[in-house]
Amino acid sequence: MIDQLNAQFGLGDQLVFGLGPGDLPLVEIMNEAAMAVLSLHGGHVLAYQPLGQKPVLWVSKLARFQHGEAIRGGIPVIWPWFGAHPTDSGRPSHGFARRSLWRVRGATAVSPAETQLRLGLQDNEETRLLWPHAFDLDLTVTVGAALHLSLRTQNKGPEAFTFTSALHSYFTVSTVTAVSIAGLEDAAYIDQLAGMARRRQSGAVQISSEVDNVYVNTEAACRLIDPYWQRTIAIHKQGSRSTVVWNPWRDKAQRMADFGDDEYRQMVCIETANAAENEIRLAPGDTHEMQLKIFVEKEEET
Ligand code: BG6
């Protein structure tokens, strides 16, 4: 399979397929501006590092790399439901896209400093047991001075469907208590740790305990400001009206088999989403696109 992928889609040193932990097929991208690693299992970006910068994404040292499992870290694709299934908690948390094997649809060297990979996922017997709809998902990942993801959902069935989703980005930070997240000032949010209480954000988001907030009706870009690393990560989005901020803190981390007890200090999730009342309804044949662009701001911009 790997040889065939390299023969069909490989781009010399710029994009190479290989096998990673758990024998999962990986894609390694390296160009003049950045490097990235993706997993075909999950259509999942595992690493992104612009040249001369620290890694941008966080992956747990205890992450599981197994067919059918979700990988803890990077950018899992959450689809077609965010969080627990709305009526059946026996179905997998955060949907099935992050646990499915995606197909490669194309790879392009846009320039020596920009590489693009297109992945796809369609309904099959297994997905229809979990979610009875025909769909086409198309994920385009562009790796360069910025990391750009575009997730297109098309309804291929005869009836309308609704879905929630997220590009569940895990960012690596120097110390979570030192960072702040700008862009959500005054946004309304659902506090998932307080019985889904509705609250309003005051000032920048700062984290000093477990947090699980779904900010709704916000299309704002966010900035993750890390004073110790003197780095600001910009997170821009389109086609997304929710932003989720999550950090499990110590107790929840201890309860998760794929999350080191102290790792919560070095990460924060800022998720580009359409969740809760921002769910998307798609008529037959219609398409919805959600986009995420992540880049490290240049010093003069911070
Ligand atoms: C976040 C949710 O998006 O993902 C949290 O808001 C959840 O409630 C977290 O705990 C991790 O989910 P999972 O299924 O990857 O453990």
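Tutor: A cavity is a set of grid points where a 1.4 Å probe fits but cannot get out, and its lining residues have an atom within 4 Å of a point. Keep in mind that this is a predicted model.

Student: Thanks! Which residues line the largest cavity here?

Tutor: The lining consists of Ala220, Cys222, Ile235, Lys237, Thr243, Ile270, Glu271 and Thr272. Strands S19 (231–238) and S21 (267–274) each give at least two of the lining residues, and the largest share, 3 residues, is from S21.

Student: What makes Lys237 and Glu271 count as charged in that lining?

Tutor: Lys and Glu both belong to the charged class, so these two residues are counted there. By class, the cavity lining has 4 nonpolar, 2 polar and 2 charged residues.

Student: How many cavities reach the cut-off of 30 Å³?

Tutor: The count is 1 cavity of 30 Å³ or more. The largest cavity has a volume of about 40 Å³, and that value meets the cut-off of 30 Å³ or more.

Student: Cys222 lines that cavity. Why is Cys222 called buried?

Tutor: Buried means under 20% relative accessible area. Cys222 has 3%, so it is buried.

Student: And what makes Cys269 count as buried?

Tutor: The reasoning goes the same way: the relative accessibility of Cys269 is 0%, and therefore Cys269 counts as buried.

Student: How do you know that Cys222 is in no disulfide?

Tutor: A disulfide is a covalent bond between the sulfur atoms of two cysteines. The rule used here asks for a pair of cysteine sulfur atoms within 2.5 Å. For Cys222, the nearest cysteine sulfur is that of Cys269, 13 Å away. Because the sulfur of Cys269 has its closest cysteine sulfur in Cys222, at 13 Å, the distance is too far for a bond. The count by this rule is 0 disulfides.

Student: Let's turn to the pockets. Which residues lie nearest the centre of the largest pocket?

Tutor: They are Leu101, Trp102, Arg103, Gly120 and Leu121, out of 22 lining residues. Helix H1 (2–9), strand S6 (103–111), strand S7 (114–122) and helix H2 (125–130) each give two or more residues to this lining. H1 supplies the largest share, 4 residues. The pocket has a volume of about 530 Å³.

Student: Why is Gly120 put among the polar residues?

Tutor: Gly is assigned to the polar class, so Gly120 is counted there. The lining of the largest pocket divides into 11 nonpolar, 7 polar and 4 charged residues.

Student: What is the volume of the second largest pocket?

Tutor: Its volume is about 420 Å³. The second largest pocket is lined by 22 residues, and Arg72, Ser93, His94, Arg98 and Met256 are the closest to its centre. Its lining has 8 nonpolar, 5 polar and 9 charged residues.

Conventions: Residues numbered from 1 in each chain as written. Predicted model: local features only at pLDDT ≥ 70, side-chain atom pairs only at ≥ 80, totals over all residues. Heavy atoms only, no water. 1 Å grid on protein atoms, 1.4 Å probe; cavity = no way out; pocket = protein on both sides within 12 Å on 5 of 7 lines; lining within 4 Å. Points joined across faces, edges and corners; volume = space filled by probe spheres on them. Buried < 20%, exposed > 50% of the residue type's maximum accessible area, 1.4 Å probe, protein only.
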